[in-house]
Amino acid sequence: MKCDLRNFDELEKVFSEQNFETIIHFAALKSVSESTTKPLEYYENNILGTLNLLKLANKYGVKKFIFSSSATVYGPPKELPIKETAQTGQGITNPYGQTKFMMEQILIDLAKANPEWKIIILRYFNPVGAHPSGRIGEDPLGVPNNLMPYIAQVAVKKLSYLKIYGDNYETIDGTGVRDYIHIMDLARGHLSAIERIQKHENLSYEIFNLGTGRGYSVREMVAAFEKASGKKVKTRVEPARAGDLAKVYCDPTLAWELMAWRAEHNIDEMCRDAWNWQQKNPYGYAKKSHFDEIEMGFM
Ligand SMILES: CC(=O)N[C@H]1[C@@H](OP(=O)(O)OP(=O)(O)OC[C@H]2O[C@@H](n3ccc(=O)[nH]c3=O)[C@H](O)[C@@H]2O)O[C@H](CO)[C@H](O)[C@@H]1O
């Protein structure tokens, strides 16, 4: 079932026909660069969509709520690793990040105002990889903005080389360091959150980092991907990308202490599964492969 969260009436129809117990709110626009050129679309979609969803959830008594937030709400970190108690909302460089921060604020205010609400906010670090079957993966629209799908498309020869955005940061090899997390671990984090929210009657709102707690540089990611795929990934160093940070990685221990969740997949598994999906879907989901088109042409 598909529904536009901006359309209150359409969404109300869904609520009236279904009997929801818990909501996991993933629905948001998520491109950093696009958000800088289309801020109104981002604010409308992400904020209005969330308000509509919450109003209806309130009306229909669905008050267990899990929200997919982002490490972006921390802005430039003052301390590493980043804990959930670190300051948020300062130095966010783009509308996408602002909307995530605002959505968090709306949820926190709601939980404070009404003790019936039970809310878990999950702050994702850098989700990568794919389902191990190779059937569910990341198929970005147009040229990828994020590192892993870009590397994968270079390895499969859809793109010619990776632009490394800056090699002059104070990091292990000068390139940006991030906390990459396998999407299967991330998915499991939601199951742990559902369990926790259903078990704990007096939970109001809680916030968890979902990351591995370990940072990898761009060059380390390229090397891991080359190892997993057996393909050479050509790179070229370019100027640093505006708004990028040198190092971002989290302290994920709260999720372990309270939800018994921790990331289990390492960087090699992230690259293996991303490569498996990319090989099986070299042209993404929508388009048939070149070979299918040739076959169709002869039919
Ligand atoms: C500031 C911000 O809001 N960042 C968002 C962005 O994080 P990030 O900017 O951390 O993710 P990313 O995958 O775009 O970049 C990761 C690292 O790779 C570098 N890099 C990336 C692409 C490329 O072609 N070449 C290259 O060198 C980049 O400079 C950085 O050091 O995406 C994430 C999704 O995974 C989240 O949505 C984050 O909120």
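1. Start with the ligand in this predicted model. It has 22 residues around it, and the ones that come nearest are Thr-72, Asn-146, Leu-147, Tyr-165 and Gly-176. Try finding these five in the structure before you read on.

2. Which elements give two or more residues to the shell around the ligand? They are strand S4 (126-128), helix H5 (147-155) and strand S5 (162-165). Of these, S5 supplies the largest share, with four residues.

3. The chemistry of the shell around the ligand is mixed: nine residues are nonpolar, eight are polar and five are charged.

4. Now look at the loop between S4 and H5, where you will find Asp-139. Is Asp-139 buried or exposed? Asp-139 has 16 other C-beta atoms within 10 Å, so this residue counts as partly exposed; a buried residue would need 20 or more, and an exposed one would have 12 or fewer.

5. Asp-139 also has partners from far along the chain. Tyr-285 is 146 residues away in sequence, yet the C-alpha atoms of the two are separated by 6.8 Å. Leaving aside residues up to four places away in sequence, Asp-139 touches Asn-281, Gly-284 and Tyr-285.

6. Finally, a pair of helices. The axes of H1 (residues 8-17) and H3 (residues 39-59) come within 10 Å and cross at roughly 35°, and the crossing is right-handed. On the H1 side the contact is made by Phe-8, Leu-11, Glu-12 and Phe-15, and on the H3 side by Asn-52, Leu-53 and Leu-56. Sorted by class, this contact has five nonpolar residues, one polar and one charged.

Definitions and conventions:
Residues are numbered from 1 along each chain as its sequence is written. This is a predicted model: local features need pLDDT of at least 70, side-chain atom pairs count only at pLDDT 80 or more; totals for chains, interfaces and linings use all residues. Axes are lines fitted to C-alpha atoms, for helices over the stretch in contact, and angles run from 0 to 180 degrees between N-to-C directions. A crossing is left-handed if the near helix is turned anticlockwise from the far one by less than a right angle, and right-handed if clockwise. Two residues are in contact if their C-beta atoms, placed from the backbone, lie within 7 Å. Ala, Val, Leu, Ile, Met, Phe, Trp, Tyr, Cys and Pro count as nonpolar, Asp, Glu, Lys and Arg as charged, and the others, Gly among them, as polar. A residue is near a molecule or strand if its C-beta atom, placed from the backbone, lies within 6 Å of it.
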